[in-house]
4 protein chains.
Amino acid sequence: MISFMNDYSECAHPLILKNLAEHCYEQNEGYGMDRHCKAASDLIRSYIGNVEVDIHFLNGGTQANLTVLSAMLRPFDAVIATERSHINTHETGAIEGCGHKVLSMPGEDGKLTREDIREAVQFHTTEHMVHPAAVYISDTTEIGSVYTKQELTAIREVCNEYGLLLFLDGARLGSALASSANDLTLRDLAWLTDVFTIGGTKNGALAGEAVVISNSLIQKDFRFYMKHHGALNAKGFILGMQFETLFRDRLYFQLAEHANELAEQIKDACVSAGFPFLTRPVSNQIFPVVDNETIKRLQKDFAFEIWEPADDSHQIIRFVTSWAMREEQVQKLVEAIRRKN
Amino acid sequence: MISFMNDYSECAHPLILKNLAEHCYEQNEGYGMDRHCKAASDLIRSYIGNVEVDIHFLNGGTQANLTVLSAMLRPFDAVIATERSHINTHETGAIEGCGHKVLSMPGEDGKLTREDIREAVQFHTTEHMVHPAAVYISDTTEIGSVYTKQELTAIREVCNEYGLLLFLDGARLGSALASSANDLTLRDLAWLTDVFTIGGTKNGALAGEAVVISNSLIQKDFRFYMKHHGALNAKGFILGMQFETLFRDRLYFQLAEHANELAEQIKDACVSAGFPFLTRPVSNQIFPVVDNETIKRLQKDFAFEIWEPADDSHQIIRFVTSWAMREEQVQKLVEAIRRKN
Amino acid sequence: MISFMNDYSECAHPLILKNLAEHCYEQNEGYGMDRHCKAASDLIRSYIGNVEVDIHFLNGGTQANLTVLSAMLRPFDAVIATERSHINTHETGAIEGCGHKVLSMPGEDGKLTREDIREAVQFHTTEHMVHPAAVYISDTTEIGSVYTKQELTAIREVCNEYGLLLFLDGARLGSALASSANDLTLRDLAWLTDVFTIGGTKNGALAGEAVVISNSLIQKDFRFYMKHHGALNAKGFILGMQFETLFRDRLYFQLAEHANELAEQIKDACVSAGFPFLTRPVSNQIFPVVDNETIKRLQKDFAFEIWEPADDSHQIIRFVTSWAMREEQVQKLVEAIRRKN
Amino acid sequence: MISFMNDYSECAHPLILKNLAEHCYEQNEGYGMDRHCKAASDLIRSYIGNVEVDIHFLNGGTQANLTVLSAMLRPFDAVIATERSHINTHETGAIEGCGHKVLSMPGEDGKLTREDIREAVQFHTTEHMVHPAAVYISDTTEIGSVYTKQELTAIREVCNEYGLLLFLDGARLGSALASSANDLTLRDLAWLTDVFTIGGTKNGALAGEAVVISNSLIQKDFRFYMKHHGALNAKGFILGMQFETLFRDRLYFQLAEHANELAEQIKDACVSAGFPFLTRPVSNQIFPVVDNETIKRLQKDFAFEIWEPADDSHQIIRFVTSWAMREEQVQKLVEAIRRKN
């Protein structure tokens with residue numbers, strides 16, 4: 001059984017484990033004040049240029065999201081996001097747990113639009129309603145689509161117009177940046193957002209999300225927010241060592257490119273098999289619409305998620321590829337799909 | 001410079017890194033539903049006997065504390081702890097961040113007493129005050145002392161008398177169990193507490209705390225609490241793999257014994273040097289009272305924490321030993337201390 | 001200028017002020033433990049029959065809603081409500097401020113349906129999502145519609161099916177019970193809901209909502225929740241005295257009947273004038289669709305709310321009548337509307 | 001039975017009820033935007049001079065405290081207060097419910113000292129601990145003592161030194177300002193604090209606390225905080241009408257003077273009877289130390305609170321006088337006390 005369920009099934013890239021092993025007995029400062037966190041930050045900063053960003057390393061996506069939004073919002077402030085965004089549906093009320101409403105908007109192709117934001121702001125006009133104060137987007141989105149530079153710039157402009165903070169959740173940022181549909185760089189993200197994250201968990205690390213903060217007001221006391229939410233690791237250097245490895249010699253980008261290429265092969269097979277897609281497949285998640293019989297046949301050898309029903313005889317399914325997946329595993333799936341013809 | 005600052009300076013025991021490396025490309029279930037978490041739980045359960053406990057693996061101490069107490073308390077419920085307990089002074093308001101008051105009591109030798117609990121409960125009598133609903137203790141305590149079975153049993157009894165839940169924070173449980181002053185076992189802890197943790201971060205793991213839940217009411221929806229607080233890791237198996245290694249062949253206990261033995265050597269040197277102690281040194285943290293001149297001399301070659309002033313010419317300092325420390329490192333400190341004579 | 005803006009513009013019914021004045025210097029127990037709160041509870045209970053309900057008096061609607069829902073929900077629990085419900089749009093994130101997500105569903109004619117509830121529950125299946133645990137409805141609804149006994153029974157059944165608590169916000173319950181479309185009694189409400197409120201603020205009181213709790217689990221520590229949220233009044237007897245007056249000799253019902261009858265007169269005028277309605281007008285709030293010219297003309301002498309645009313030349317407006325409004329005030333509006341013809 | 005239990009036993013001063021009755025059917029703007037709230041604010045402002053303060057009217061003390069502190073503190077910020085302060089012991093965790101730690105300090109004679117504040121700030125030095133950001137005091141204190149201008153100025157100075165906000169809870173401010181030991185004015189309070197409250201509940205109103213905000217940063221969005229915590233009353237004008245009455249013709253001060261004078265008479269009787277006091281009696285709460293026999297005798301005709309045991313045969317008791325109490329009621333108590341001799 002080969003799993004295409006997700007991109008967090010495997011342990012970590014060997015180079016990461018090697019870096020940890022090499023510093024096994026080295027004594028480090030605690031709580032992220034060590035040289036590895038500094039080196040990893042400097043490496044990431046080198047991609048961003050001379051923007052003065054602060055970088056912190058957290059354990060996972062939900063933790064990063066709740067800590068960042070907690071730092072962005074006052075009790076009555078709300079965050080605007082798409083209906084199917086991770087913070088709205090798949091974080092067990094973590095943002096509400098910090099006291100904040102998630103204002104859910106329809107979005108388009110999984111992406112939040114300028115119009116969504118405008119509508120949410122214009123509806124909330126008085127102290128009888130929450131005050132929209134931040135925008136949350138993710139790149140790639142929940143359905144694998146990616147933002148273009150033009151789209152992100154448009155969102156930034158509407159944020160500026162209404163005094164909103166912009167937070168981009170990059171749990172799958174590697175795959176986004178490696179997408180054929182992408183024209184954004186880390187430098188662009190640092191300029192266009194107030195905070196964005198670079199996901200390690202789904203791209204080669206044991207775990208870890210780098211939180212990149214451009215906005216100096218949010219930089220100021222961010223470590224207090226981290227500790228307050230249980231997100232300040234005693235052994236912060238473990239996360240530092242991993243991002244050090246990922247951003248030295250472009251490993252982070254190579255792993256994402258690898259995953260995207262494998263997804264491309266599956267996509268080609270789906271196209272050949274005549275499967276339509278929920279949305280244009282451009283990253284390491286693809287969502288073909290497949291007939292029930294084929295699904296049943298594929299399930300014998302492959303694990304994947306049934307996303308949602310399409311019609312009586314078809315379902316939308318999800319294939320996810322990862323940094324760890326090998327060409328031959330994908331080939332088996334490709335052959336199985338093509339067998340249909 | 002050799003550091004005796006803390007026990008979370010070094011990466012992880014080589015056997016742990018080896019276990020991770022061996023399963024580098026293995027595909028695992030996400031979110032702690034994998035075979036490694038199961039194996040680690042079974043190994044821990046084998047020490048506990050046939051008590052039906054649930055075991056979850058979280059990232060760190062503050063995260064474990066806030067998640068457990070959040071699961072134990074209703075909005076108006078409070079937790080009783082010593083004044084200098086970690087939750088009261090060193091978690092940046094994480095428990096209050098979940099809405100709950102920490103009722104701080106003086107304690108004795110770093111330990112909460114039956115009388116502390118009784119007093120806290122008896123003071124809070126009406127709906128105009130918080131309702132004491134849980135007791136938090138840590139073993140070892142903040143000053144390295146340990147609970148005896150008699151003391152813990154006494155606390156359990158007063159908890160039963162007043163309907164309080166009992167939570168033992170075992171961030172340094174390894175050192176406690178390996179202490180010459182200890183007569184508790186993991187089995188005792190499972191019987192005497194509602195929840196306790198087994199700290200990995202400070203005893204050989206990259207990071208990780210095992211949360212052991214005996215109380216079935218708290219077992220029921222604990223994964224919801226984890227996710228709600230950002231404590232449900234996509235790659236839960238990374239933590240599972242580590243505890244699997246720690247509890248196979250007693251590694252967890254051996255590492256703690258090693259740390260305690262090294263602390264014992266430092267203690268002996270301090271005794272020879274005529275240094276008194278803040279409290280009887282029985283674990284991997286010892287707190288000698290040292291004159292300022294000696295402190296200055298030691299600081300040239302060794303890092304350690306100045307705990308608090310004793311008098312005009314003396315300070316209480318803290319030496320912490322760890323699983324990773326080598327005999328020869330400790331010998332250098334021992335010699336430096338003895339040089340005084 | 002006569003105001004039809006809302007039903008909380010006027011002070012309080014003279015009988016209420018008289019009752020307060022008569023007991024001006026009487027010494028009462030504090031915090032709602034007085035004889036007036038008891039008498040008021042007994043009077044309300046007499047309408048409910050022998051159901052064992054607990055009754056508390058709070059200051060206002062948002063306070064009542066957040067206190068009740070806080071008592072119903074654990075941190076990861078969510079409440080199901082319509083999109084335009086008061087808790088979802090007009091309480092400035094008060095429910096989220098208590099840590100809970102409001103799951104908003106479309107509803108029908110302002111009312112939550114059995115299907116809404118079913119859909120919300122079925123979408124939330126795992127610990128990665130919030131857990132729907134309660135249902136919030138209001139009677140009358142935000143657009144003045146009312147629930148029938150059949151509709152409320154259907155909601156109760158689906159709540160039972162899924163283990164959900166049911167909370168009915170009766171900020172305008174007087175008008176609902178006095179509606180021609182209503183077939184529910186206070187007794188029905190006590191049987192069909194876990195908690196419901198009887199709004200005094202909008203029906204003759206200075207302020208005050210009676211919270212009626214049927215569910216014994218929520219009864220138990222409700223006063224702790226009240227105090228925790230700043231809702232336990234030192235002078236609880238002030239609220240008790242008011243509800244004593246309202247429920248002695250059916251004053252509460254008479255005031256609501258009066259308001260509804262006045263609304264009926266306005267409705268008749270609107271029908272004569274050929275205005276359609278947003279929804280069937282059955283309570284003290286009516287929502288005619290009126291052309292801009294007429295609106296402009298009416299605004300010279302009358303205050304009312306512009307609810308939302310209907311088309312380029314028409315708007316939906318809201319007329320609210322109250323217990324305090326006099327026949328002749330309404331006649332003036334009626335004449336102004338009829339003048340159109 | 002005459003009650004000296006507290007100062008919130010009676011309804012409201014007749015002039016207040018008269019003002020309400022006179023405007024019984026007047027139509028007012030909702031949510032505190034009415035002319036009565038404006039008039040009341042202007043009257044209070046006239047005592048303060050030309051300081052630009054914002055004034056809001058809330059329902060009660062706990063509500064005012066939690067709303068103000070919520071507006072002052074970020075999630076990891078803490079408030080410094082005395083151990084026995086209302087927010088620390090008698091608000092059922094309301095401040096913690098908003099996510100904030102109360103840092104309790106010993107105080108002196110019920111009052112927080114400059115040294116308390118200094119010590120609390122100096123203990124909290126890093127992001128591993130909460131950040132002291134505000135100081136909470138009450139005047140009169142829990143034991144009836146009052147702050148002098150010199151003491152309050154000293155507290156302000158240490159607040160300025162450390163960047164702390166200062167909040168004075170004036171639930172019994174009337175009695176404080178009318179105390180023989182007082183040299184503060186409303187004008188001083190507005191200059192020396194960031195926020196203070198003027199308690200109506202315990203000084204003649206049905207209920208209500210005026211929140212006076214000098215600090216423009218806290219002024220800005222305070223109505224959002226009010227609504228978020230359920231403290232924005234639909235009929236805000238009810239509170240406005242009451243403070244209008246209290247501050248027209250100095251009624252507020254007269255009522256407090258009356259209560260203090262009655263307390264003075266009881267104090268004189270206690271002195272004659274040879275009773276010592278917990279603290280110097282200077283306001284409407286006095287705390288004599290009385291032998292058990294006398295207590296038993298007094299309890300036959302008078303209700304009062306047993307505060308805490310003094311020794312085996314004596315207890316500290318509390319007599320509270322109020323605006324509503326009549327001379328002859330107090331005379332009966334005075335006679336009963338004197339009978340001892």
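What follows looks at a helix with a buried side, a pair of packed helices and a histidine in a loop. The model is predicted, so local features need pLDDT of at least 70 and side-chain atom pairs count only at pLDDT 80 or more, while totals for chains, interfaces and linings use all residues. Residues are numbered from 1 along each chain, chains are lettered from A in the order in which they are written, and side-chain values use heavy atoms, leaving out hydrogens and water.

Take helix 1 of chain C, residues 14-22 (helices are DSSP runs of H or I, at least four residues, numbered from the N terminus). Here Ile16(C), Leu17(C), Asn19(C) and Leu20(C) are buried, meaning under 20% relative accessible area with a 1.4 Å probe, protein chains only. They sit on the same side of the helix because they cover an arc of only 155° around the axis, going by directions from the axis to the C-beta atoms. Their packing partners are helix 12 (236-247) of chain C and helix 1 (14-22) of chain D.

Further along chain C, helix 13 (residues 251-272) packs against helix 15 (residues 327-338) at about 10°, the axes being 9 Å apart (lines fitted to C-alpha atoms over the stretch in contact, with angles from 0 to 180 degrees between N-to-C directions). That makes the two roughly parallel, a label for angles under 35 degrees.

Over in chain A, His229(A) lies in the loop between helix 11 (222-228) and helix 12 (236-247). It counts as buried, at 13% relative accessibility. Leaving aside residues up to four places away in sequence, His229(A) touches Leu66(A), Thr67(A), Ser70(A), Cys98(A) and Leu66(B), where contact means heavy atoms within 4.5 Å.

Technical notes: Buried < 20%, exposed > 50% of the residue type's maximum accessible area, 1.4 Å probe, protein only. Parallel < 35°, antiparallel > 145°, perpendicular 65-115°, else oblique.
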